[in-house]
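Me: I would like a close look at a single part of this protein. Please take the main nonpolar core and explain it step by step, then place it beside some other parts of the chain.

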Amino acid sequence: MSLQQYIEELSSQNTDYKFPEQAINQAESLKSLSSDLYTDNIRFIYELIQNADDAQAKNVILTILEDQYLIITHDGRKRFDEKDLQGLCGINNGTKKKDLDKTGYKGLGFKAVFGKSDCVIIYSNGEYFRLDSSYKIKWNKEWKTANQELWEKENDRQFIYPWQINPIWTTTQQIPIAGEQCFFSDQYKPRSPLEDYLKTKEDKFLSYDYVSSHPCKNEDLTEWREFFSTLGVQEELHPIVYHRTLTSYEAASRGFCEEYLSNISPDGKHLVDAFSELTTITFIQHTKNNYEFANFFWSYVVKYISPEILTQKIRVYWGHADKRGATDGTLLEDSDYIKWFVKNIKCIPTTEKTCELSSNVFSDQKELKDLCSKYMSFSSISVPQNKTQWNEIFNFKTKLSINDYFDLIEKIRYDEKNLKDNLERIQSLYSHILKEMYYWSGDERNTAKERTKSSYLLTENIQWKLSSDLYFYMEDNRANNALNDAIPCLKLDFKNRNDLHLHDFLELFNIKQIRMNDLNLADEKSSPAEYFRRKLIEISPFLKKWLKYEGVSTDVICLIDRKLQQEHDLIESDNLQLFYHKIFVRETTVYFDNKRKQLYVKRPWDSDTTFIDLPNKLCQLLNIQGFEKNIRFLLKGTIDEIKKHFNSNSIEIPTEKDIVILKLLLKTDVLQQPKFSSTSESKPNTSLIPVKNDRSTETSITNNNDHLLVLTPSCQVVPQHYQIPFYDAIPALPIQNIRPRKENGERLSTSVFIGSSENSVDDIEFIDICSITDSRLMSFANLNHITGECDASDLDTGRIGEEMVYKYLLKEHREQSNSVIIKWLNQNRETHLPYDILLKKNGKTYYIEVKSTRAYNQHIFPLSINQIETLLQQRENYFIYRVYIDEKKFLILDNIRWRLMQKQQLACLLQILTVPSE
């Protein structure tokens, strides 16, 4: 900080006498003190050398000019500060008496100088002040005399005052300086007009009196500039490179920041004593917190100064004088002053008319500006992208950090006047978070989690609420104002509602998720939707061919008929209304009761309003998300239109043999797994013989005392449930019907099963998850509505098992959250991959497939061909978790390939489904 303010305040205090006689008496005392303090004529020189020693100087130079001026300079580290000023201009008020490292005494030593000189000029850190006997103080009107001359005449006495303690701020206009230290004032019209910015900071501008006082006043300024330029006067900002070695004190006197100069030596034990190859830019020190000048300065510098000059390596000298650190120095990488300056000094002009650290300023990018607007600091200087070195020096921010996102939301929240204008900006912010949060590190996620505890977000009715108090309705892509009247719901636009990472976003902000089944349905005049069911049966063969053409997994395709015809009730109603805690939310056209497996549609089911949501619900039910447009086309189009489309896109058109009609079964018939005695023996010679009948005949098939009912359509179908007769009498899971082969009279269908050799499995890790009590886990106790065995391929049962394993893995690795990544691939929608969960740990990736069942003794389950291929390829990195939902336990099957080869607790079976041709 400049000493000017302190000097002017101290001068005012030390000249504020109630009576002029007081000033005279103190002046006489100081005069006698200065003359009598030391009898030695050159003692004052010792005092000045002591001052240099107190400033930790290593070199002192004494110079005598024209036998009139004694100049003493030194390279001490310490600058002249406020305390030094008070000690110099007081009596017994020195700064040395309490400091044992200083050689001065009682604050009186410097007063010896006044016995030998009537004018003392002191220079430190680019500033001057003087103690001058010829300086006339301002006459005090309270002394009851108009002026000094009148007072002296009336009192017959010369007025003197204690000039020895009156510091006078001195400009360079009062002290001649070298030409190379001068700059042209603005009146000379230099290339860089600097005077207007710096006239209160620096007094190095050439006086225009040379021109105005010259007889020939019309002389061209160009000649004057040329003349003074030969004397070294400068007219623009430019880099300065100090090739010679500068001590820390010398560098500080040339404008280098003390914080930079107080570097620790490379060995970490010493301070750096000196520097060479230091590089700076003229007047850079005045950009600190000076927006107007900083804006002009950096715009000029970036345009006209090459950054290569500013990024040279510097050499530092340190340690004991006879060691290499002090003699040869050490070359430092990436320690140039300019890069340090912009990083540590608030010198970068911003669009907010302030100066900031470069690390807190965003680069001038349109996308960032559109997102952040006035709420974040952007550089007001333009740095072209092709000037890569300047971009490296400034290192402006090019993206929002975690804290930036939350700070920006908070700033928008407090700007209530512009809330309407910021609604779109808030959605853009959410969109950026959704896009980037997948790539956040563990530390970044922890930072975000901490910030969400106090984060406020906007509701549908435009109110700010704590995020943990918010809800979000997951079943609709549109805003729901009625629901928001009942509970505060997060406001999200259509794009953000459909983002793949929405679930993670809501989890991050602790926002409660509401689904349709959390609402209560009130239906009117409901009845079975028979026409709707017939339409689904009619388009089912086309749908399966289309899915096959698009590469959808056969595991998904083979379940479509069963889901549409047997597992779910289709109900048509005049009106469907949704309530939340008895509060009406809205009317709907489609409602799926997941608990009861009932799909409600508003009558008529094929109306345009019902078709807004119906394809989406059907895709969720059939686990074919992303196929909504195709479903809509199949439901709306005629058979001829569908065939035409298939022909134009080279999709195989189904035949009558592809039509599968299944008899409606009771819920328990569909889900119930046939029970077998654990002591029953296998009968290798027993075969399954379907009875051939006409299309409307019910066929009774008896095998091992299990009774099944099958409705035989125009082409024979395989019964839904049957026993594997050739392997330990262990029951198999239901297998979907497959159309007959064309080349012969038999229909062949193969499925692969992995089963344990015994009902109890040893050596394979058996996990009990009853101890998991995290409230965020799904409520496994609320599964009582599921009766019997659930096929592991079923979406709902599969998701239950997958979530159990996912939550278990999160808990098991919670202590290693920064080094372990766990991703539930089907969390938002079915991916159709041959594995459900990815676990990355110690540079390795593990693939986890989850197979779920309700039956405690069901150890057989199907594998798709893709799962088999992945199992063989990934070897020990592929795991199968067999989940027993009712038992809240699961098995971890590892080293599957090896176990199969060695017949260690696992066996692989092929099941052949054979039906004679008609």
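Reply: What follows starts with the whole chain, goes on to the core, and ends with a helix and a few backbone details.

The model is predicted. The protein has 918 residues, and 47% of them count as buried. Its secondary structure consists of 32 helices and 37 strands. Among contacts between residues at least 6 apart in sequence, 66% join residues at least 24 apart. The protein exposes about 48,700 Å², and carbon and sulfur atoms supply 48% of that area.

Now the core. In soluble globular proteins, nonpolar side chains tend to be buried together. The largest nonpolar core here has 49 residues, of which Leu-194, Trp-298, Tyr-337, Trp-390 and Phe-394 touch the most other members. Elements that give two or more residues to this core include helix H9 (248-253), strand S10 (272-276), strand S11 (278-281), helix H14 (337-344) and helix H16 (388-394). Helix H11 (291-304) is also among them, and H11 supplies the largest share, 9 residues. Where does this core lie with respect to domain 2 and domain 3? Domain 2 (179-231) and domain 3 (239-394) both give residues to the core, so it lies between them.

Leu-194 gives a local view. Leaving aside its neighbours within four places in sequence, Leu-194 is in contact with Phe-183, Asp-186, Phe-205, Leu-237, Phe-283, Phe-293 and Phe-296. A second, separate core has 36 residues, including Leu-371, Cys-372, Ala-448 and Leu-508.

Strand S11 also holds Thr-280. Is Thr-280 buried or exposed? Thr-280 has a relative accessible area of 6%, and buried means under 20%, so Thr-280 is buried. Beyond the neighbours within four places in sequence, its contacts are His-238, Pro-239, Ile-240, Tyr-242, Phe-256, Leu-310, Tyr-337 and Ile-338. Tyr-337 was listed above as one of the core residues that touch the most other members.

After S11 comes a loop that leads to H11, and Asn-289 is in this loop. Phi of Asn-289 is near 50 degrees, a positive value in a residue other than glycine. Most residues other than glycine have a negative phi. Asn-289 is exposed, with a relative accessible area of 53%.

Asn-623 also has a positive phi, of about 60 degrees, and is not a glycine. Asn-623 is in the loop between H26 and helix H27 (628-636). At 7% relative accessibility, Asn-623 counts as buried. On the other side of H26, the loop between strand S26 (598-602) and helix H26 (614-622) holds Pro-604. The peptide bond from Arg-603 to Pro-604 is cis, with omega near -10 degrees, whereas most peptide bonds are trans.

Last comes helix H18 (residues 419-436). At 1.5 Å a residue, its 18 residues should span 26 Å, and its end C-alpha atoms are 25 Å apart, which agrees. H18 bends by about 25 degrees at Arg-425. Arg-425 is also one of the buried residues of H18, which include Leu-419, Ile-426, Tyr-430 and Ile-433. What covers the buried residues of H18? The cover includes helix H15 (366-372), helix H17 (402-414), strand S16 (456-458), strand S17 (464-466), helix H21 (494-497) and helix H22 (502-508).

Key. Residues numbered from 1 in each chain as written. Predicted model: local features only at pLDDT ≥ 70, side-chain atom pairs only at ≥ 80, totals over all residues. Heavy atoms only, no water. Helix = DSSP H or I, 4+ residues; strand = E, 2+ residues; numbered from the N terminus. Buried < 20%, exposed > 50% of the residue type's maximum accessible area, 1.4 Å probe, protein only. Contact = heavy atoms within 4.5 Å. Areas by Shrake-Rupley, 256 points an atom, 1.4 Å probe, with all protein chains shown as cover. Expected span 1.5 Å × (residues − 1). Bend = angle between axes of the 7 residues up to and from the residue. Core = buried A, V, L, I, M, F, W, Y, C linked by side-chain atoms within 4.5 Å. Domains from an automatic or database assignment.
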